[in-house]
Amino acid sequence: MRKILKILAAATAACLLAATAAFAHAFLDTASPGVGATVRGSPSELRLSFSQNIVAAFSGVQISTASGQAVSAGKAVLVAPNVLTVRLGRALSPGAYVVSWHVVSVDTHPTSGTYQFTVAP
Amino acid sequence: MSIFQILVLAAAAAEEAPFQADMGSMPPESGDGFITIFHFLFLARWIHFAAVFILFGSSFFWFYMGHERSESGLGGLPRALRATKILLCVAAPIAAISGVAWLAGILANMTSGFSNVVDLETWRLFFFETQFGPVSIVRLALLAAAIVVVALPWRNRAWFSALLHIGAFLLITQAWLGHAAEGGAGLYGTVMITAYCVHALAAAAWVGGLPPLLFALVEQRRFNPHDARDWTLDILSRYSLMAMAAVPLIVLSGIANAAFRVAGAFDKLFYTGYGDVLFAKVGVVALMLGLAAFNRFVAMPRLRAASLKGMGQINRLRVSVACELALGALVLAVAAVLGITPPPQ
């Protein structure tokens, strides 16, 4: 019994040490163009990296101008378990753009958010 | 702390925007009438947990009680056995309905509305285009199997064994429908899933074993005080042997689960809604453990020492086992909330 307890305690301690990565619901980790960033020239695609692996079938990204006009863009594609990319339909003219995303993480939980970036002339 | 308070806490935690707005947030609770998706998920999960705990723990009970208990001869508990069979026959369809409701709740939550639950294409995506789709199909098959088994006319040991295994697989597959699934396919993810499964199985053995234990204690009223005392002591020793193996597993795997959720930074539990719900759960479990320890280390020796007053002691034991069971149901309610509360990051 004591031996089993020791093994269990060791296993728990190992779990504690292993549990260092930040997980839970998927939140936006990094984006390209960056959140709030100003880029020179139109990007050809948007790249969104999340804090957790996500489900492509229930995830999507929309982009619109600051005035709310939708910008044509391809379907969001999962290029890594936690990275979505979206090809832009046309070159973006200078101005501010709003990206809205919604994802479902592999633990079934939905999250969503928006961010802005600016294309400088 | 009442369930209502826990619900309010959890709802507040779910609404709390944990990070800068542009890093994302949980969907706002759309006012789908009186019952929100959150309440729906909570209820479905709670009822499902309870039903599956019974499928596993209550059928498991008869395997560590020894053969003679399930027979009608000396020391047998025919009434407790029959009551357990009825309980299992009720638990199987309830597990199935609540299991389907849980999946529907997940889908509604993912697509932020109950309206998509009737859309076949959304279900196709759910089952075939997600990581949790295949697990959901397996769970539906298990639930169907449970209903078939309880409809069978032969209620023998194999019948109990079938329900025990179905219950075990339902508990294990639960791991992929929640926070434990976020670790990925590697060793890290495997350890995470294992910790969850150990926790669920050990807890189900403990709490799910309480209803048949209660039935068995009630049945002692039929016997003369001397036999009742001896048999009660035997039943309690067998149950407590199982419980003393289960409790360390529950506590250690519970700590491991919490460590995974907060990524090793336990201080986060002190200022997040997730931490509040978790501490509520720990509090109720501590109460249960206190009661269980009282039953094992105070009430049992007293019963052993009692002579003809044995019956009175058994009656009191019945009350404390019933209280332990009620607390167990409360823990499941808190667990149902915990799994739909975003862990701190």
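In chain A, strand β4 (residues 54-65) and strand β7 (residues 95-105) run antiparallel and are joined by 8 bridges. One residue pair helps to place this on screen: A:Gly60 has A:His102 in β7(A) as its bridge partner. All of this comes from a predicted model, not an experimental one. As for cover, β4(A) is mostly tucked away, with 9 of its 12 residues buried. In a regular strand, side chains alternate between the two faces of the sheet.

Zooming out, chain A is built from 1 helix and 8 strands. The helix comes at the start of the pattern, and the strands follow it along the sequence: α-β-β-β-β-β-β-β-β. Of the 121 residues in chain A, 45% count as buried. Contacts in this chain reach well along the sequence: taking those between residues at least 6 apart, 62% join residues at least 24 apart. The accessible surface of chain A adds up to about 5,600 Å², and carbon and sulfur atoms account for 59% of that area.

Then there are the cysteines. A disulfide is a covalent bond between the sulfur atoms of two cysteines. Searching the whole structure turns up 0 disulfides over all chains. Two cysteines of chain B can be described by their cover. B:Cys197 has a relative accessible area of 10%, so this residue falls under the 20% cut-off and is buried. B:Cys323, at 38%, lies between the 20% and 50% limits and is therefore partly exposed.

Technical notes: Residues are numbered from 1 along each chain as its sequence is written. Chains are lettered from A and ligands numbered from 1 in the order in which they are written. This is a predicted model: local features need pLDDT of at least 70, side-chain atom pairs count only at pLDDT 80 or more; totals for chains, interfaces and linings use all residues. Side-chain values use heavy atoms; hydrogens and water are left out. A disulfide is a pair of cysteine sulfur atoms within 2.5 Å. Buried means under 20% relative accessible area, exposed over 50%, partly exposed in between (1.4 Å probe, protein chains only). Helices (H or I, at least four residues) and strands (E, at least two) are DSSP runs, numbered from the N terminus. Two strands pair if DSSP finds at least two bridges between them. Contact means heavy atoms within 4.5 Å. Accessible areas come from the Shrake-Rupley method with a 1.4 Å probe; for residues, only the protein chains shown count as cover.
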